[in-house]
Structures are given as structure tokens and as C-alpha cells.
Amino acid sequence: METLGVYSNVRITGSGDDPHAEGYDCELYRENGQLFGLFYSSQGMVGDTPRGRLQDVRYDPVKRTLFFRAKLTLGQEINRDTGPDGRPSRDLFEFDGTLDGKRLSGSLTHRDGYRPSEPGERETVTLKLDRERSAQARESAPASRKAWQAEDLPMGPQW
């Protein structure tokens, strides 16, 4: 099991009692040549960031191309389909780009998981290796991918 690192473009704004975070993190590991990890989306108050396990991961180490999907729940949605009580959001992220030792860059698409065939919002992102958080990830890395999959996922998707 190898910790590849934590890649991030999260920006913290505000100060004191009201700091906000905006951006994305991707925590990557490798076992037997297979990549796995977590994707985080920060869109508000700092702390307890929504996260999801990487799915459908495809990595070509020669070309350094990487594709993955991640399901998250960023909040509650209320609309005419949900009624007054709302429902947990279904946020589907798809990344298609490149990974090198210092950055993860490419196209990130955010779709509504209730309507996955709709085009969604696409943006170009560059997440840079965060050495301090990567060292922390190494210290708390799971023993194996199987152990990692069995772990509870706080702030994970509700779908």
C-alpha cells in the first residue's frame, strides 16, 4: 500500500468565527498498481467536508491520464419534486485529466445524481500536491484497500 498524496485547490476565506473553504481535495493511494482514494468538495464553512470514494478509476501510468467518478452529498435540496421536507442532494463528480507527482489537473464535471443524463457544470481544475496533508495521510493510511473499503465514511454520500 502506497500513499500517493493529497492534492488540493481549497482556498480559505474569512477569519475568526466565520472561515469558509472553497475548492476540492483528492486523497490518493495505490495498491498492486490500482489507484483508490477519496474526493472532497468544500463549499462553505470550514470543517466536516463532504466526501466520497473514488469509483470507476482508470489510470494510465505511462500517459499519466486519470479518470474517476465520486458520489457526494453536499446538502439538502428542496424543490417541487421533493416537497417541503426536501431530500439529500445527489452530487456526482467526474474527473478526466492527468496526474503527475505535483499536480492533478483536468476537467471536473458536477452533475445532479437524480438527473445524471443532464450535462452538468464543467470546470477546469488544478489540484496541487499538499506535502503536509500528504504526510498526515501516510501516517493514517489504511492497511489495505479492503480495510479502507470496510471503514465507515463520515460525511459520505447518502446515496
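This is a short tour of two pockets, one strand and several salt bridges in a predicted model.

**Stop 1: the largest pocket.** Start by selecting Asp25, Tyr40, Ser42, Gly47 and Thr49. Of the 22 residues lining the largest pocket, these are the closest to its centre. The pocket has a volume of about 350 Å³. Now colour β1 (2-8), β3 (20-31), β4 (34-45) and α1 (131-139), the elements that each give two or more residues to this lining. The largest share comes from β4, with six residues. By class, the lining has nine nonpolar, eight polar and five charged residues.

**Stop 2: the second largest pocket.** Next, select Glu27, Leu38, Tyr40, Trp148 and Glu151, the closest to the centre among the 15 residues that line the second largest pocket. Its volume is about 160 Å³. The elements giving two or more residues here are β3, β4, β5 (51-60) and α1. This lining divides into eight nonpolar, two polar and five charged residues.

**Stop 3: strand β1.** Show β1 with its surroundings. Six of its seven residues are buried, so the strand is largely enclosed by the rest of the structure. Look for β3, which pairs with β1 in the antiparallel sense over six bridges. To see one of the partners, pick Val6 of β1 and find Glu27 in β3. Strand β11 (residues 121-129) also pairs with β1 in the antiparallel sense, over two bridges. Here, Tyr7 has Leu129 of β11 as its bridge partner.

**Stop 4: back to Asp25.** Return to Asp25 and add Arg133: they form a salt bridge, with the closest N and O atoms 2.9 Å apart. Asp25 is in strand β3 and Arg133 in helix α1, so the pair ties together parts 108 residues apart in sequence. Asp25 is buried, at 5% relative accessible area, whereas Arg133 is partly exposed, at 27%.

**Stop 5: a salt-bridge network.** Finally, select Asp56, Arg69, Glu94 and Arg111, which are linked in a network of salt bridges. Begin with Arg69 and Glu94, whose closest N and O atoms are 2.7 Å apart. Arg69 lies in strand β6 (residues 65-72) and Glu94 in strand β9 (residues 91-99), so this pair ties together parts 25 residues apart in sequence. Then move to Glu94 and Arg111, which meet in a salt bridge at 2.7 Å, N to O. Because Arg111 sits in strand β10 (residues 103-112) and Glu94 in β9, this contact ties together parts 17 residues apart in sequence. Within the network, Glu94 counts as buried at 15% relative accessibility, Arg111 is buried at 17%, and Arg69 is partly exposed at 26%. If you want to keep exploring, a search of the whole structure finds nine salt bridges.

Key
Residues numbered from 1 in each chain as written. Predicted model: local features only at pLDDT ≥ 70, side-chain atom pairs only at ≥ 80, totals over all residues. Heavy atoms only, no water. 1 Å grid on protein atoms, 1.4 Å probe; cavity = no way out; pocket = protein on both sides within 12 Å on 5 of 7 lines; lining within 4 Å. Points joined across faces, edges and corners; volume = space filled by probe spheres on them. Helix = DSSP H or I, 4+ residues; strand = E, 2+ residues; numbered from the N terminus. Nonpolar A, V, L, I, M, F, W, Y, C, P; charged D, E, K, R; others polar. Buried < 20%, exposed > 50% of the residue type's maximum accessible area, 1.4 Å probe, protein only. Pairing = 2+ DSSP bridges. Salt bridge = Lys/Arg side-chain N within 4 Å of Asp/Glu carboxyl O.
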